[in-house]
Amino acid sequence: MNYIIKNATLVNEGQTFVASVFVSDGKIAIIVRSGEGGPSTGSGTLDSSAQVIDATGKYLIPGIIDEHVHFREPGLTHKADIYTESRAAVAGGVTSFMDMPNTVPQTTTQELLQQKFDLAAEKSLANYSFYLGATNDNLDEIIKTDPKQVCGIKLFMGSSTGNMLVDKNEVLVRLFRESPCLIAAHCEDEQTIHENTVCCKDLAAKGEVVVDASIHPFIRTSEACYKSSSKAVDMAEKFGARLHVMHISTQKELSLFRNDIPLKDKKITAETCPHYLWFDDHDYEAKSFAIKCNPAIKSHRDREALLQAIREGRIDTIGTDHAPHLREEKFTGDYFTSKSGFPSIQRSLEVMAKVLPDELPRLVQLMCHNPAVLYQIDRRGFIREGYHADLALVDMNVPHVVSDNGEYDKCGWSPYEGMESCCRVTHTFVNGNLVFENGVFHEENKGERLMFNR
Ligand SMILES: [Zn+2]
């Protein structure tokens with residue numbers, strides 16, 4: 001099926017203008033600015049059987065590229081899987097995702113990595129790539145990674161999520177020297193976190209602190225983040241690695257990143273997530289374990305500094321760190337047993353539209369263009385003739401309150417429940433296929449593997 005998306009307000013490459021977009025054979029065929037004439041239905045120049053979608057009053061943006069998700073498959077599919085989470089993705093206007101290796105088993109060999117690509121080819125409604133996880137002893141596997149076909153290597157730098165901790169210095173040196181593709185790093189210093197945890201348990205035993213969700217940023221502190229991320233940046237500079245530091249949550253770390261050169265020339269880049277821009281430590285009281293995540297959501301000052309860094313170009317991309325857990329895993333235990341992470345992929349655009357109101361071109365840059373540039377993704381992330389037709393049509397004038405009932409992810413709840421939103425994705429195209437249309441999914445066509453121009 002071919003499509004004509006008529007009279008949409010395109011938001012692309014810093015410009016906003018009314019145009020019609022012709023989608024043919026999976027690609028963006030022609031973009032005709034309003035008033036320029038050009039081909040129309042039945043004119044003979046284009047397929048007259050193309051379906052016309054009237055987009056008057058709506059914004060057409062490139063499909064969002066979420067570079068940081070945990071879809072939990074294989075091994076943890078009681079909370080999420082590639083099919084369910086890719087549905088939530090396209091419902092939120094996300095047309096491509098990059099998934100993390102802390103599944104069961106962990107994705108630490110080329111064979112296990114290929115198994116994930118095979119699963120996604122069968123099940124995913126969105127385009128996909130998968131990170132290979134680094135460990136203390138899989139350098140041989142890392143070196144075999146094809147940078148044209150795999151988004152990157154995930155390094156848990158000083159953090160033991162799923163035991164993927166790389167803590168041997170000689171391994172880190174070789175990784176930063178020899179990795180054939182981008183290193184995406186989770187930076188929190190495990191030793192600092194451990195010491196803070198012991199101290200907190202001591203004080204709790206003496207009745208000197210109440211251990212609830214608000215203690216989280218006092219255990220996973222700014223210092224823990226900085227100690228680890230500054231080490232990663234130092235090593236990347238010294239050994240010439242391409243480093244992307246994930247989920248920056250503190251003011252202190254911002255000095256590690258530059259904004260005086262274009263993104264395509266940067267070797268060290270930074271991501272933050274919608275939740276670090278929307279929530280701060282005042283929200284623990286109302287949201288409790290719903291917003292417990294790693295790194296922790298920190299102070300109001302950190303949040304303001306992150307927003308400023310986004311405006312200054314010191315932070316390059318927004319990834320969601322979509323990390324679903326069942327309600328029981330979040331809310332039935334105490335602080336120490338409550339799992340860290342929450343679902344967010346379906347709401348990322350809505351949240352960012354609240355965080356940066358009236359700045360849709362900037363959102364498109366952070367969520368669509370920049371991930372494409374940073375990862376050097378082949379022909380995606382922009383509305384350009386000849387590019388893959390990954391597109392989202394957004395209505396910015398639909399006031400509603402976010403509710404758990406509207407969640408498509410498997411765990412079925414959202415930390416953003418109760419948030420007032422005006423923004424809703426009405427149509428999502430993946431490779432020219434209309435996969436989501438006003439709450440209805442069309443699931444015949446699956447997403448494609450992302451390719452990289454490296
Ligand atoms: Zn993550």
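Me: Why is cysteine 151 called buried?
Reply: In this predicted model, cysteine 151 has a relative accessible area of 0%. Buried means under 20%, so cysteine 151 counts as buried.

Me: How do you know that cysteine 151 is in no disulfide?
Reply: Look at the sulfurs. The nearest cysteine sulfur, that of cysteine 181, is 7.8 Å away. A disulfide needs the two sulfur atoms within 2.5 Å, so cysteine 151 is in no disulfide.

Me: OK, and what makes cysteine 411 a cysteine in no disulfide?
Reply: Its nearest cysteine sulfur belongs to cysteine 293 and sits 14 Å away. Set that against the 2.5 Å cut-off, and therefore no disulfide is called here. Cysteine 411 is buried too, because its relative accessibility is 7% and the limit is under 20%.

Me: How many disulfides does the structure hold?
Reply: The count is zero.

Me: Let's switch to charges. Why is the pair of aspartate 316 and lysine 266 called a salt bridge?
Reply: The closest N and O atoms of aspartate 316 and lysine 266 are 2.7 Å apart. The cut-off is within 4 Å, between a side-chain nitrogen of Lys or Arg and a carboxyl oxygen of Asp or Glu, so the pair passes. The two ends come from distant parts of the chain, 50 residues apart: aspartate 316 lies in the loop between helix H10 and S15, and lysine 266 in the loop between strand S13 and strand S14.

Me: Are those two buried or exposed?
Reply: Aspartate 316 is at 3% relative accessibility, so it counts as buried. Lysine 266 is at 6%, so lysine 266 counts as buried as well.

Me: What makes arginine 303 and aspartate 280 a salt bridge?
Reply: Their side chains meet at 2.9 Å, N to O, and the rule asks for within 4 Å. This pair also links distant parts of the chain, with arginine 303 in helix H10 and aspartate 280 in the loop between helix H8 and helix H9, 23 residues apart. Both arginine 303 and aspartate 280 are buried.

Me: Why is arginine 362 called partly exposed, when glutamate 359 is called buried?
Reply: Arginine 362 is at 25% relative accessibility, so it counts as partly exposed. The buried label stops at 20% and exposed starts over 50%. Glutamate 359, at 17%, falls on the buried side. The two side chains meet in a salt bridge of 2.6 Å, N to O, and along with Arg311 they belong to a network of salt bridges. The structure holds 23 salt bridges.

Me: What makes strand S16 a mostly covered strand?
Reply: Five of its five residues are buried. On one side you find Leu391, Leu393 and Asp395, and on the other Ala392 and Val394.

Me: How do you know that S16 pairs with strand S19?
Reply: Count the bridges. S16 and S19 share five, in the antiparallel sense, and pairing takes at least two. One of the partnerships joins valine 394 to valine 425 in S19. S16 also runs antiparallel to strand S5, with four bridges joining them, and there isoleucine 61 has alanine 392 as its bridge partner.

Me: Last one: why is threonine 320 called buried?
Reply: Threonine 320 is at 2% relative accessibility, so it counts as buried. Its loop runs between strand S15 and helix H11. Among the residues it touches are Asp66, Cys273 and Ser348. The threonine 320 side chain also reaches the backbone oxygen of histidine 68 at 3.4 Å, inside the 3.5 Å limit for a polar contact.

Notes:
Residues are numbered from 1 along each chain as its sequence is written. This is a predicted model: local features need pLDDT of at least 70, side-chain atom pairs count only at pLDDT 80 or more; totals for chains, interfaces and linings use all residues. Side-chain values use heavy atoms; hydrogens and water are left out. Buried means under 20% relative accessible area, exposed over 50%, partly exposed in between (1.4 Å probe, protein chains only). Contact means heavy atoms within 4.5 Å. A polar contact is a pair of N or O atoms within 3.5 Å; within protein, one must be able to donate a hydrogen and the other to accept it, and residues adjacent in sequence count only if both atoms are side-chain atoms. Lists of a residue's contacts leave out its neighbours within four places in sequence.
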